[in-house]
Amino acid sequence: MVDVGDLASRIDRSSALPLWAQVHADLLARIQSGEFTSGFPGEHALTSGYGVSRHTVREALRHLRHAGVLIAERGRASRLADGPVIRQPLGALYSLFAAVEAVGLPQRSVVRVLDVRRDPSVAQTLDLPPEAPLVYLERLRMAGDHPLALDFAWLPAEIAEPLLEADFTHTALYIELEKRCGVRLTGGREDITAVIPAPAEAEVLALDERCAALAIRRLGCVDQRPMELRHTLIRGDHFTVSARFSPTEGYRFLAADALSLSR
């Protein structure tokens, strides 16, 4: 059992700061100092230690889980996340390479396949003839020492063939696409779906049966021309998407969405 000690003295009941926020701040500081290396305390121990209600403790833990600091699994005690959560904004053309390094983790890729192949279904998506050659890149993306994502990308070989000479161990596809091919994506579409990985995929990503993943399908374009089809399977416990909104922007989005549905 984790010794939480006498923590009631850390709570200032005369403060305007809510009790849950004080517990949250204290727990976060203790986590960052490496105090819970042998395990994270349960709700009962925290309630007794801080001298607060279970509701207060649960609210503090909820915010730690929302921030990706804690992981909650059904039937098991909360545990510390293995590393920081990678956050990506909706509606932005981003690079996973840059996003990983932005949280202070070294990014590297294990290149599983880099070749030229034909795939009529992918070619059709890219507005190409069925037999058009495609550059295919398959990578296992690493965040620090941990597997983060399986990444599969297809691009027209007539444009992307110089990528065959690139070393993708520590670089981004978009960096090499611009440097070697003179192409910079200008937009596209991305669909994100929660999935349960196949056993082989879960093994590669070091996931257990309780952890889901996000499947991301991206169609990247250059001035409306499809240029890249990418499928990414990413660990759900290390990646999240976020959106900012305001009354005006939210209204425009909903109105546009409703318009598209009415057609």
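**View 1. Tryptophan W154 and its partners from elsewhere in the chain.**
With neighbours within four places in sequence set aside, W154 touches V122, L126, L134, V135, Y136, M227, E228, L229 and H231. As you explore this close-up, please keep in mind that the model is predicted. W154 also belongs to the largest nonpolar core, where W154 and L126 are the residues with the most contacts inside that core.

**View 2. The largest nonpolar core, element by element.**
Zooming out a little from W154, we come to the core as a whole, which has 21 residues. Which helix and strands each supply at least two residues of this core? They are helix α5 (120-125) together with strands β5 (134-143), β6 (146-156), β8 (213-222) and β9 (225-235). Strand β5 gives the largest share, four residues. Another core lies apart from this one and has 17 residues, including A157, A166, F168 and C181.

**View 3. Alanine A149 in strand β6.**
Here we stay with β6, the strand that holds A149. Is A149 buried or exposed? Its relative accessible area is 0%, and A149 is therefore buried, as the cut-off for that class is under 20%. Beyond the neighbours within four places in sequence, A149 is in contact with L96, R139, L140, R141, L205, T232, L233 and I234. For a distance to check in your own viewer, try A149 and A213: they are 64 residues apart in sequence, while their C-alpha atoms are 9.1 Å apart in space.

**View 4. Helices α2 and α3 packed against each other.**
Two packed helices are described by the angle between their axes and the distance between the axes. For helix α2 (residues 43-50) and helix α3 (residues 54-66), the angle is about 115° and the axes are 9 Å apart. The pair is therefore roughly perpendicular, since angles of 65 to 115 degrees count as such. The crossing of α2 and α3 is right-handed. On the α2 side, the residues that meet the partner helix are E43, H44, L46 and T47, and on the α3 side they are R54, V57, R58 and L61. Sorted by class, this contact has three nonpolar, two polar and three charged residues.

**View 5. The whole chain, for orientation.**
To place the close-ups, it helps to step back to the protein chain, with its nine helices and ten strands. Of its 263 residues, 41% count as buried. How many of the contacts between residues at least 6 apart in sequence join residues at least 24 apart? The share is 57%.

Note on methods
Residues numbered from 1 in each chain as written. Predicted model: local features only at pLDDT ≥ 70, side-chain atom pairs only at ≥ 80, totals over all residues. Heavy atoms only, no water. Axes fitted to C-alpha atoms, helices over the stretch in contact; angles between N-to-C directions. Parallel < 35°, antiparallel > 145°, perpendicular 65-115°, else oblique. Left-handed = near helix turned anticlockwise from the far one by under 90°. Contact = heavy atoms within 4.5 Å. Nonpolar A, V, L, I, M, F, W, Y, C, P; charged D, E, K, R; others polar. Core = buried A, V, L, I, M, F, W, Y, C linked by side-chain atoms within 4.5 Å. Buried < 20%, exposed > 50% of the residue type's maximum accessible area, 1.4 Å probe, protein only.
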